[in-house]
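Student: Could you take me closely through one part of this model, the nonpolar core, and then set it in the context of the rest of the chain? I would like one connected account rather than a list.

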Amino acid sequence: MWQGTRFIELEMNHDFGIIYLKKLMKEGKNEMSNQTKYLELLMFIKENSPQSLEKEIDSIESNFYKYLINQGYIQGAKVQEYMSGAMIYGNSVFLTEKGELFLQELIGNSKPIRMTSKNKYNQMKILLERIEDGDRNLLRPNYRVRENDHLDLLHNMIDEDLVKGISLKYASNKPHLYFSDNIRITEEGYEIMDNEYKEKDNSSMVFNIYDGDFKGAQIGGNNVQYNNYDNVKNELDEYLAKLSKEEQEEATQIVEVINSQELNKVGKLSKFTNFLETHPKLVELTGKMLVWGMTLNNK
């Protein structure tokens with residue numbers, strides 16, 4: 001009996017958690033909408049100040065204006081409510097210094113998002129959450145997302161099978177969304193919704209070479225030293241075998257310089273500049289061979 005009761009309790013807590021998270025998401029969306037409205041009203045005051053103001057407003061705008069006045073963002077304005085609606089008026093209405101700072105903050109928050117890999121991932125998550133919440137006005141971009149970037153998100157969402165039952169087509173160069181009766185988020189879509197963006201491993205090969213003196217030269221990623229000289233040499237031999245006879249002769253001279261004890265290798269290689277420019281794979285392989293060869297000598 002206890003186990004059954006405990007199971008029901010856990011299930012209820014789980015459902016409550018989902019409801020609470022959705023409530024927070026809705027509040028977040030409302031906050032975005034509020035910021036947009038504050039920005040609109042403050043820009044209106046700024047563009048028309050310091051002139052007299054007398055304008056009919058609805059009850060929703062009335063609350064927004066009251067907040068801006070009470071916070072000291074607008075000077076010289078009053079809101080009067082009547083049975084038929086409300087009105088904002090004043091002889092000389094303008095933004096205060098505090099209001100200007102708040103406006104600049106809102107403008108910064110309203111700038112379009114740069115669609116980096118991380119931002120793209122997070123915006124895809126928001127788009128999928130909108131679908132889960134039953135939003136069908138999906139051509140409306142996410143907050144602060146450019147229209148073209150939002151269309152790219154929709155294309156990727158459909159092409160990558162993150163959701164089923166939605167198709168995007170164009171008619172007269174305008175996008176149109178079509179919905180089936182069975183719209184569902186796929187397993188791949190839920191993977192994005194339930195997981196945070198993973199930063200890419202930016203570890204890279206580091207070459208420390210000083211003025212052509214290769215003593216102490218190191219190659220490594222994440223402080224790990226690599227010695228892959230033999231593998232590169234084998235790959236280089238295979239590459240040389242595919243070259244024409246004339247190319248092999250010049251490429252062999254380059255390899256001989258790399259393998260020599262000559263300290264001024266850079267100077268010796270300079271006469272092969274044109275050849276190296278047209279053979280980037282040779283540059284890659286000899287470069288690796290050069291540095292790994294030095295790490296061998298320093299052991």
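**The largest nonpolar core and its surroundings**

Tutor: In this predicted model, the largest nonpolar core holds 21 residues, and those that touch the most other members are Leu42, Ile45, Tyr65, Leu68, Ile74, Ile88 and Phe102. Several elements contribute to this core, since α1 (2-48), β1 (53-57), α2, β4 (85-90) and α3 each supply at least two of its residues. The largest share, five residues, comes from α1.

Phe102 is a useful place to look more closely, and with neighbours within four places in sequence left aside, Phe102 is in contact with Tyr38, Leu42, Leu68 and Tyr73. Two of the residues just named, Tyr38 and Tyr73, return when the rings are considered, for ring pairs link Tyr38, Phe64, Tyr67, Tyr73 and Phe102 into a cluster. The count of aromatic pairs comes to six. A ring can also lie beneath a charge, and here the charged end of Lys55 sits over the ring of Phe44, 4.3 Å from its centre, while Lys169 lies over the face of Tyr178 at 5.9 Å from the ring centre.

Two further residues show how the helices α2 and α3 are placed. Ser62 belongs to helix α2, which spans residues 59-70, and Ser62 counts as buried because its relative accessibility is 0%, where the cut-off for buried is under 20%. Beyond residues up to four places away in sequence, Ser62 touches Ile57, Val79, Glu81 and Ala86. Glu100, by contrast, is found in helix α3, residues 97-110, and is partly exposed, with a relative accessible area of 27%. The contacts of Glu100, again without its neighbours within four places in sequence, are with Lys46 and Leu95. The C-alpha atom of Glu100 is separated by 8.6 Å from that of Leu42, although the two residues are 58 residues apart along the chain.

Apart from the largest core lies another, of 18 residues, including Met124, Leu128, Ile158 and Leu168. Turning to another helix, α6 (residues 187-194) has Gly189, Ile192 and Met193 as its buried residues. Seen down the axis of α6, these fall within an arc of 100°, so they line one face of the helix. The face turned away from that buried side carries the exposed residues Glu187 and Asp194, whereas the cover over the buried residues of α6 includes α4 (117-132) and β7 (174-185).

A last residue to examine is Ile254, placed in helix α8, residues 245-259. Ile254 is buried because its relative accessible area is 1%, against a cut-off of under 20%. With neighbours within four places in sequence left out, Ile254 is in contact with Leu269, Phe272, Phe275, Leu276, Leu282 and Thr286. Of these partners, Leu282 is 28 residues from Ile254 in sequence, and the two lie 9.3 Å apart from C-alpha to C-alpha.

For the chain as a whole, there are 11 helices and 10 strands, and buried residues make up 31% of its 299 residues. Among contacts with a separation of 6 or more, 56% are accounted for by residues 24 or more positions apart. The accessible surface of the chain comes to about 20,200 Å², and carbon and sulfur atoms hold 50% of that area.

Conventions. Residues are numbered from 1 along each chain as its sequence is written. This is a predicted model: local features need pLDDT of at least 70, side-chain atom pairs count only at pLDDT 80 or more; totals for chains, interfaces and linings use all residues. Side-chain values use heavy atoms; hydrogens and water are left out. Helices (H or I, at least four residues) and strands (E, at least two) are DSSP runs, numbered from the N terminus. Buried means under 20% relative accessible area, exposed over 50%, partly exposed in between (1.4 Å probe, protein chains only). Contact means heavy atoms within 4.5 Å. Accessible areas come from the Shrake-Rupley method with a 1.4 Å probe; for residues, only the protein chains shown count as cover. Rings of Phe, Tyr and Trp (its six-membered ring) pair if their centres lie within 6.5 Å; planes under 30 degrees apart count as stacked, over 60 as edge-to-face and the rest as tilted. A charge sits over a ring if NZ of Lys or CZ of Arg is within 6 Å of the ring centre and within 35 degrees of the ring normal. The arc is that of the directions from the helix axis to the C-beta atoms. A nonpolar core is a set of buried Ala, Val, Leu, Ile, Met, Phe, Trp, Tyr and Cys residues joined through side-chain atoms within 4.5 Å.
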